[in-house]
Amino acid sequence: MRLDKFLQVSRLLRRRVLAKEACLAGRVQVNGRKAKPGTEVKPGDVVVIDWGCRVLEVEVLAVGTKAKREAATLYRVLRETKQELPS
């Protein structure tokens, strides 16, 4: 499954357009490499999303359907870091 589609289906990012923009801005990595929106993800891949003051690292458990109730079962959070913005 394409990375931008996975980010939307898993509800890690709400819209596919946001997922695409994050990838193009270099804020998403798959297995330690900056990823394009069309990068294929599969179970076992590690995805890191650097979104503003939040860094989220997840492991892909499955690629699946669009059902919202299944979204949380598609990944496992490995690490989440929140940073304060400088004042």
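Two strands are taken to pair if DSSP finds at least two bridges between them. In this predicted model, strand β4 (residues 54-60) and β5 clear that bar, with seven bridges joining the two in an antiparallel run. The pairing can be followed residue by residue: Val60 has Tyr75 as its bridge partner in β5, and Val55 stands opposite Thr81 of β5.

The β4-β5 pair belongs to a wider arrangement. Five strands make up an open sheet, ordered β2-β1-β3-β4-β5, with antiparallel pairing. The edges are held by β2 (33-34) and β5 (75-82); each has a single partner strand, so one side of each is left without a neighbour in the sheet. As a reminder, strands of a sheet pair through backbone hydrogen bonds, either parallel or antiparallel.

Inside the sheet, β3 pairs with both β1 and β4. Three bridges connect β1 to β3 in antiparallel fashion, and here Gln29 finds its bridge partner in Val48 of β3. Six bridges connect β3 to β4, again antiparallel. Val48 appears in this pairing too, standing opposite Glu57 of β4, while Asp50 stands opposite Val55 of β4. Val48 is thus a handy residue to pick out when tracing the sheet on screen, as it faces Gln29 and also Glu57. Val55 can be used in a similar way, with Asp50 opposite and Thr81 of β5 opposite as well. The connection between β3 and β4 is a hairpin with two residues between the strands, and Gly52 in the turn adopts a positive phi of about 70°. Strand β4 is mostly covered, six of its seven residues being buried.

Attention now turns to helix α2 (residues 16-24), whose buried residues are Ala19, Ala22 and Cys23. Viewed down the axis of α2, these buried residues fall within an arc of 100°, so they line one face of the helix. The spacing fits a familiar rule: an α-helix has 3.6 residues a turn, so residues three or four places apart point the same way. The cover over the buried residues of α2 includes α1 (3-9), β1 (28-30) and β3 (46-51). Just after α2, Gly26 takes a positive phi of about 80°.

Charged side chains add further links, and the model has seven salt bridges. One of them brings together Asp4 and Arg16 at 3.3 Å, N to O. This pair links distant parts of the chain, with Asp4 in helix α1 and Arg16 in helix α2, twelve residues apart. Asp4 counts as buried at 3% relative accessibility, whereas Arg16 is partly exposed at 33%.

A second salt bridge is formed by the side chains of Arg27 and Asp50 at 3.9 Å, N to O. Arg27 lies in the loop between α2 and β1 and Asp50 in strand β3, so this pair ties together parts that are 23 residues apart in sequence. Both partners are partly exposed, Arg27 with a relative accessible area of 34% and Asp50 with 33% relative accessibility.

A further salt bridge joins Glu59 to Arg76, with their closest N and O atoms 2.1 Å apart. Glu59 sits in strand β4 and Arg76 in strand β5, 17 residues apart, and here too the pair links distant parts of the chain. Glu59 is buried at 18% relative accessibility, while Arg76 is partly exposed at 43%. Finally, salt bridges that share partners join Arg2, Asp4 and Arg16 into one network.

Conventions
Residues numbered from 1 in each chain as written. Heavy atoms only, no water. Buried < 20%, exposed > 50% of the residue type's maximum accessible area, 1.4 Å probe, protein only. Helix = DSSP H or I, 4+ residues; strand = E, 2+ residues; numbered from the N terminus. Arc of directions from axis to C-beta. Contact = heavy atoms within 4.5 Å. Salt bridge = Lys/Arg side-chain N within 4 Å of Asp/Glu carboxyl O.
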